Amino acid sequence: MNLPKIPLAEFIEWFESWLENNLAPLFKFIKIVVGETVNGLETALNWFPALVLILLFTVLAWYIGKWRMALFTLIGLLIIENLGLWSQTMQTLALVLTSAFISVLIGVPVGILCARKNGIQKIVTPVLDFMQTMPAFVYLLPAVTFFSLGVVPGVISSIIFAIPPTIRLTNLGIRQVPEELVEAADAFGSTPAQKLFKLQLPIALPTIMAGINQTIMLSLSMVVIASMIGAQGVGAYVYRAVTQGNTGIGFEAGLAIVILAIILDRLTQQVIRRSKTT
């Protein structure tokens, strides 16, 4: 005897339609805010001549890291400019920065709540497990439904895909603060806000920064996938090369993404090391 199939697909489609019909103003507001943020960052990055911005990034890499990081940043960005992918790389950087910023803006407070309330952690943890194991391509479908094609659904899907590490490691970092320090703060009459901002967050900062580093990397990988639904940048070149079977262009675009990923990863890693020593 065959059991009747659970109408899961029908329920998901009904729920999607309900959200689209009842929360249309909210989705429109989110689309405007996210779209304007990406456009503003992209305009700001492309306002500078490429060589000027390359020098600025090199100086930043030298200040945060060491001369080797500055040298790699200089050579890597010059290669991207030479390949004619500078504008597309700045588009990708704007998408990554927007999705990573919103992920951190949401993820850190949620991680703090999880650390303070065990009940919230028990609810959030399975949701994070679901978000991290669901295939990335699945996130493109509701994003397109609610925000149509373009940059915004790419950013939204990137946020959903990239936010779990920030939440998890913020929660972990605060929970790893030594209990005797928390008790000492309580003994001196610290308020919950003082205890959080003057004790727990500073001590947990290296762990939180590790989560932010993972979020940035996941945002970059998802932004490339999001080129399938209209997100611009280097990912669009990769997608076009795959569909047209153009290995050379695909390799050039992939190299630009690798260079950008290494720069972002090494810079955030240096920030983590600095936070551990202070």
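Colleague: Let's start with the pocket. Which helix gives the largest share of the lining of the largest pocket?

Modeller: That's α1, which puts six residues into the lining. Bear in mind that this is a predicted model.

Colleague: What other elements give two or more residues to that lining?

Modeller: Besides α1 (8-22), you get α2 (24-47), α5, α6 (118-133), α7 (140-147) and α8 (151-162). The volume of the pocket comes out at about 970 Å³. The lining has 28 residues, and those closest to the centre are Tyr139, Pro142, Ala143, Phe146 and Ile160.

Colleague: What makes a residue count as part of the lining?

Modeller: A lining residue has an atom within 4 Å of a pocket point, so the 28 residues here are the ones that pass that cut-off.

Colleague: Okay, zooming out. How many helices and strands does the chain have?

Modeller: 13 helices and zero strands. Along the sequence the pattern is just α, over and over, from start to finish. The C-alpha trace spans about 65 × 65 × 40 Å along its principal axes.

Colleague: How much of the chain is buried?

Modeller: Buried residues are 42% of the 278 in the chain. As for contacts with a separation of 6 or more, 78% of them join residues 24 or more positions apart.

Colleague: Now a single residue. Why is Thr98 called buried?

Modeller: Its relative accessibility is 2%, and buried means under 20%, so Thr98 qualifies. Thr98 sits in helix α5. Leaving out residues up to four places away in sequence, Thr98 touches Thr37, Val38, Leu41 and Val155.

Colleague: And what makes Gly65 buried or exposed?

Modeller: Gly65 has a relative accessible area of 15%, which is under 20%, so the label is buried. This one is in the loop between α3 (50-64) and α4 (67-82). Compare its position with Glu10: 55 residues away along the chain, with 52 Å between the two C-alpha atoms.

Colleague: Why is Ala44 called partly exposed?

Modeller: Partly exposed runs between the 20% and 50% limits, and Ala44 has 39%, so that's where Ala44 falls. Ala44 belongs to helix α2. Its C-alpha atom is 9.3 Å from that of Ala94, which is 50 residues away along the chain.

Colleague: How about Leu172, what puts it in its class?

Modeller: Leu172 is at 37% relative accessibility, again between 20% and 50%, so Leu172 counts as partly exposed. You'll find Leu172 in helix α9 (residues 164-175). From Leu172 to Ile12 there are 160 residues along the chain and 33 Å between C-alpha atoms.

Colleague: On to α11. What tells you that helix α11 isn't straight?

Modeller: Run the numbers on its span. With 34 residues (192-225), a straight helix at 1.5 Å a residue would span 50 Å, but α11 spans only 41 Å between its end C-alpha atoms. The bend itself is about 60°, at Leu205.

Colleague: Which proline follows within four residues of that bend?

Modeller: Pro206. Pro206 lies in α11 as well.

Colleague: Why is Pro206 called buried?

Modeller: Its relative accessible area is 12%, which falls under 20%, so Pro206 counts as buried. Its C-alpha atom is 13 Å from that of Val108, 98 residues away along the chain.

Colleague: Last topic, the core. Which residues have the most contacts inside the largest nonpolar core?

Modeller: Val34, Ile80, Trp86 and Ile174, in a core of 68 residues. Helix α5 (residues 86-116) gives the most to this core, with 12 residues.

Colleague: What makes Ile80 a contact of Trp86?

Modeller: Contact means heavy atoms within 4.5 Å, and Ile80 is on the list for Trp86, so the pair has heavy atoms within that distance. The others on that list, with neighbours within four places in sequence left aside, are Ala50, Leu53, Ile54, Leu77 and Glu81.

Notes. Residues are numbered from 1 along each chain as its sequence is written. This is a predicted model: local features need pLDDT of at least 70, side-chain atom pairs count only at pLDDT 80 or more; totals for chains, interfaces and linings use all residues. Side-chain values use heavy atoms; hydrogens and water are left out. The expected span of a helix is 1.5 Å times one less than its number of residues. The bend at a residue is the angle between axes fitted to the seven residues ending there and the seven starting there. A nonpolar core is a set of buried Ala, Val, Leu, Ile, Met, Phe, Trp, Tyr and Cys residues joined through side-chain atoms within 4.5 Å. Buried means under 20% relative accessible area, exposed over 50%, partly exposed in between (1.4 Å probe, protein chains only). On a 1 Å grid over the protein atoms alone, a cavity is a set of points where a 1.4 Å probe fits but cannot get out, and a pocket is an open set with protein on both sides within 12 Å along at least five of seven lines; lining residues have an atom within 4 Å of a point. Grid points are joined across faces, edges and corners, and a volume is the space filled by probe spheres set on the points.
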